[in-house]
Amino acid sequence: NLVVTGSRRKTFTLHNGTFNEENNAVGMSLGHVLYGDVTGDGREEAIVFLGVRTSGSAIPGCIYIYAIRKNRPSLLWAFTTGDRADGGLRQAYVEDRKLVVELYGRGTRPGGNLYGTEETGACCAKSVTRTHYEWRRNKFRRSGKSEIFPNPARHSSPIW
């Protein structure tokens, strides 16, 4: 079961990689799962990206980070990403036991401003913001300043 962010519904289950929209919960689809030790305990955590299924052209998403505790998945952190060029996910990965999140747009980051950070169309962000997070005191905390660099691609799609 996954936890719903910003909803009254507490959990949902993917069936064949999807969760259909129902009542007050949006539909979700499995985008990508990667593994790496982001807590420094020597065990890999799962970093799960789900795309939000909208009835329009928007492509927002959610990231869920899980550890295995007492032989069960335990949610460490969940956050939403914006829509493509406006805070959308470029990539998330593990580097030196840190979680690295790259979002499209100038100054975008989880828990911060995702939208309207620069003049752009829905397809093509001019910038990418890379932010590192460390697991400290049972929470992911920003490590250092975010880096902003020109978008090396001519699109705003996730890369893995």
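In which loop is G87 found? In this predicted model, G87 sits in the loop that runs between strand 7 (72-81) and strand 8 (89-95). That position makes a handy starting point for a tour of the fold, and the surroundings of G87 are described further below.

The overall make-up of the protein chain is easily told: the secondary structure comes to 0 helices and 11 strands. Read along the sequence, the pattern is accordingly β-β-β-β-β-β-β-β-β-β-β. Of the 160 residues in the protein chain, 42% are buried. The accessible surface comes to about 9000 Å², and carbon and sulfur atoms account for 45% of that area. Contacts across the sequence also deserve a mention: among those between residues at least 6 apart in sequence, 41% join residues at least 24 apart.

Strands of a sheet pair through backbone hydrogen bonds, in either a parallel or an antiparallel sense. One open sheet here holds 5 strands in the order 3-4-5-6-7, with antiparallel pairing. Its edges are formed by strand 3 (18-19) and strand 7, each of which pairs on one side only. Strand 3 is joined to strand 4 by 2 bridges, and the two run antiparallel; in this pairing T18 stands opposite S29 of strand 4. Strand 4 (residues 27-36) is in turn joined to strand 5 (residues 45-53) by 9 bridges, again in the antiparallel sense. Two positions help to locate this pairing on the model: L34 stands opposite I47 in strand 5, and G36 has E45 of strand 5 as its bridge partner.

A further open sheet, of 4 strands, has the order 8-9-10-11 and antiparallel pairing. Strand 8 and strand 11 are the edge strands here, each pairing on one side only. From one strand to the next, the twist averages 20°. Within this sheet, strand 9 (residues 98-104) and strand 10 pair in the antiparallel sense over 6 bridges, and V101 finds its bridge partner in T131 of strand 10. On the edge strand 8 lies Q91. Q91 counts as buried because its relative accessible area is 17%, under the 20% cut-off. Leaving aside neighbours within four places in sequence, Q91 is in contact with V100, V101, E102 and I159.

Back in the loop between strand 7 and strand 8, is G87 buried or exposed? G87 is buried, with a relative accessible area of 0%. Beyond its neighbours within four places in sequence, G87 is in contact with T81, G82, L103, Y104, T108 and L114. The pair formed with L114 spans 27 residues in sequence, yet the C-alpha atoms are 4.4 Å apart in space.

Salt bridges add another set of links. Side chains of opposite charge can pair when their charged atoms come close, and the structure holds 5 salt bridges. One of them joins D37 and R97, with the closest N and O atoms 4.0 Å apart. D37 lies in the loop between strand 4 and strand 5 and R97 in the loop between strand 8 and strand 9, so this pair ties together parts that are 60 residues apart in sequence. D37 is buried, at 14% relative accessible area, whereas R97 is exposed, at 52%. Another salt bridge brings together the side chains of D41 and R43, at 3.5 Å from N to O. Here D41 is partly exposed, with a relative accessible area of 34%, and R43 also counts as partly exposed, at 49%.

E102 and R130 form a salt bridge as well, their closest N and O atoms being 2.6 Å apart. This pair links distant parts of the chain, with E102 in strand 9 and R130 in strand 10, 28 residues apart. Both E102 and R130 are buried. Through shared partners, salt bridges join R90, E102, R130 and E147 into one network.

Finally, the backbone deserves a look. Most residues other than glycine have a negative phi. R137, although not a glycine, has a positive phi of about 50°, and the phi of N138 is likewise positive, near 60°. R137 lies in the loop between strand 10 (127-136) and strand 11 (139-150), and N138 is found in the loop between strand 10 and strand 11 too. R137 is exposed, with a relative accessible area of 68%, and N138 is exposed at 63%.

Note on methods:
Residues numbered from 1 in each chain as written. Predicted model: local features only at pLDDT ≥ 70, side-chain atom pairs only at ≥ 80, totals over all residues. Heavy atoms only, no water. Buried < 20%, exposed > 50% of the residue type's maximum accessible area, 1.4 Å probe, protein only. Contact = heavy atoms within 4.5 Å. Pairing = 2+ DSSP bridges. Areas by Shrake-Rupley, 256 points an atom, 1.4 Å probe, with all protein chains shown as cover. Axes fitted to C-alpha atoms, helices over the stretch in contact; angles between N-to-C directions.
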